[in-house]
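Colleague: I'm new to this, so please pick one part of this model and take me through it slowly. I'd like to see how the pieces fit around each other.

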Amino acid sequence: MAAVLNVLLPGRDKLAHIAPFAAWLARGTTLPAALPGYMVAMAEHFRWPGGALPAAAVIRQSVAGDAGDALWLSADPAWVQPELSGARLLACGNLGLTVEESASLVAALAETFEAEGMSLHVGDAQHWQLRLPSYIDVPAFPEPEEALGADLFEQLPKGETGRRWRALINEAQVVLHNHPVNRSRASRHLPPVNSVWLWGAGVLPDWVECGLSRIYSDDLLPWALGHKANVDVQARTAFPAGPRPAPAGASLLAKGAGDGTTHAALSPYTLLDLQDTQPHDFDQTWWPALETHLTEGTELRLAFADGLRMVLKKNHRLRFWRKA
């Protein structure tokens with residue numbers, strides 16, 4: 001049986017101008033569309049007992065091992081840009097913080113959250129988690145990908161239920177505004193960490209199941225899900241025929257790359273997370289790697305962030321009458 005490579009991608013319009021890729025898409029098979037979103041595409045490969053994915057607890061268990069049966073909420077460091085009519089969320093997590101910077105910012109915020117019976121913890125330098133008392137009602141917060149670029153106040157929970165949380169975020173912004181870490185970042189022409197984004201509430205599930213044999217991703221959530229499901233997870237740079245040559249001693253497919261680089265064999269069911277890839281990188285690095293596996297018989301199952309789902313197979317090249 002041919003290997004199956006599942007690939008998470010940005011919206012199709014972001015990659016549509018890449019001619020070799022577009023030509024294959026024209027010959028591929030379109031599947032029923034799904035709801036848009038990275039989390040939706042990721043969740044297609046995992047199962048847990050039920051309800052919304054408790055991302056904060058799964059991440060906490062992966063990075064610290066102390067999730068227990070507590071209620072957790074992600075409180076990731078964020079960059080908010082003030083505007084005349086409000087504010088816009090420009091980044092969430094992955095702001096290039098060092099462990100020392102994160103520890104300093106979290107220490108400064110500790111009192112704000114402790115006043116509400118919550119405790120803020122550094123998970124890794126780019127991701128923080130709130131441990132909540134069990135009696136607190138947590139409203140639905142948009143996932144980061146949904147909130148990024150949107151008006152901040154439109155994304156925050158409304159009404160009386162959301163009042164406490166809106167006030168909490170405002171207080172956190174005040175604390176962070178003049179923090180020495182942000183003065184240092186400004187001197188280095190780096191964006192400020194001037195807010196937190198809350199999302200992914202829940203308790204660690206008893207189990208997570210996954211039909212994949214390996215995951216390649218640079219995002220913390222798939223790593224955490226993979227760990228809970230006992231699936232091998234590696235960085236994207238380890239992907240066979242990716243941006244680096246395959247390591248010495250790796251098992252080889254019969255065909256080389258033609259440039260002196262060899263391609264390590266894929267596991268039978270693999271996930272490659274490229275949801276944040278930029279068009280240039282996809283064109284120059286990732287699509288050539290994917291096309292190599294495709295022409296060697298690997299089935300590609302593509303999940304675009306806009307909900308489009310497609311399958312590409314080696315024999316689809318014979319559909320020459322279909323044009324991009």
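Modeller: Two strands pair if DSSP finds at least two bridges between them. Keep that in mind, and remember too that this is a predicted model.

Let's take the sheet that holds β1. Strand β1 covers residues 4–9 and strand β13 covers residues 299–304; they pair in the parallel sense over 6 bridges. If you want one spot to look for in the viewer, find L8, which stands opposite A303 in β13.

Now zoom out. β1 and β13 belong to an open sheet of 7 strands, ordered β2-β14-β13-β1-β12-β10-β11. The pairing in this sheet is mixed. As a bit of background, strands of a sheet pair through backbone hydrogen bonds, and they do this either parallel or antiparallel. What stands at the edges of our sheet? Those places go to β2 (29–31) and β11 (232–234). Each of them has a single partner strand, so one side of each is left without a neighbour in the sheet. The strands aren't lined up exactly, either: ignoring direction, neighbours in this sheet are turned by 20° against each other on average.

Next, look at the helices that sit against the strands. Helix α2 lies across β1, β2, β13 and β14 (309–312), and it runs at about 100° to β13. Helix α10, residues 220–228, packs on the sheet as well. α10 touches β10 (214–216), β11 and β12 (269–273), and its direction makes about 160° with that of β11.

Stay with α2 for a moment, since there's another helix to meet. The axes of α2 (residues 19–27) and helix α11 (residues 279–295) come within 10 Å and cross at roughly 40°. Are they parallel or oblique to each other? An angle from 35 to 65 degrees counts as oblique, and α2 and α11 are therefore oblique to each other. Their crossing is left-handed. On the α2 side, P20, F21 and W24 make the contact, while α11 brings F282, W287, E291, L294 and T295. Sort the residues of this contact by type and you get 6 nonpolar, 1 polar and 1 charged.

So here's the picture to take away: β1 and β13 pair in parallel, α2 lies across both of them along with β2 and β14, and α2 also crosses α11 at roughly 40°.

Note on methods:
Residues are numbered from 1 along each chain as its sequence is written. This is a predicted model: local features need pLDDT of at least 70, side-chain atom pairs count only at pLDDT 80 or more; totals for chains, interfaces and linings use all residues. Side-chain values use heavy atoms; hydrogens and water are left out. Axes are lines fitted to C-alpha atoms, for helices over the stretch in contact, and angles run from 0 to 180 degrees between N-to-C directions. Helices (H or I, at least four residues) and strands (E, at least two) are DSSP runs, numbered from the N terminus. Angles under 35 degrees count as roughly parallel, over 145 as roughly antiparallel, 65 to 115 as roughly perpendicular and the rest as oblique. A crossing is left-handed if the near helix is turned anticlockwise from the far one by less than a right angle, and right-handed if clockwise. Contact means heavy atoms within 4.5 Å. Ala, Val, Leu, Ile, Met, Phe, Trp, Tyr, Cys and Pro count as nonpolar, Asp, Glu, Lys and Arg as charged, and the others, Gly among them, as polar.
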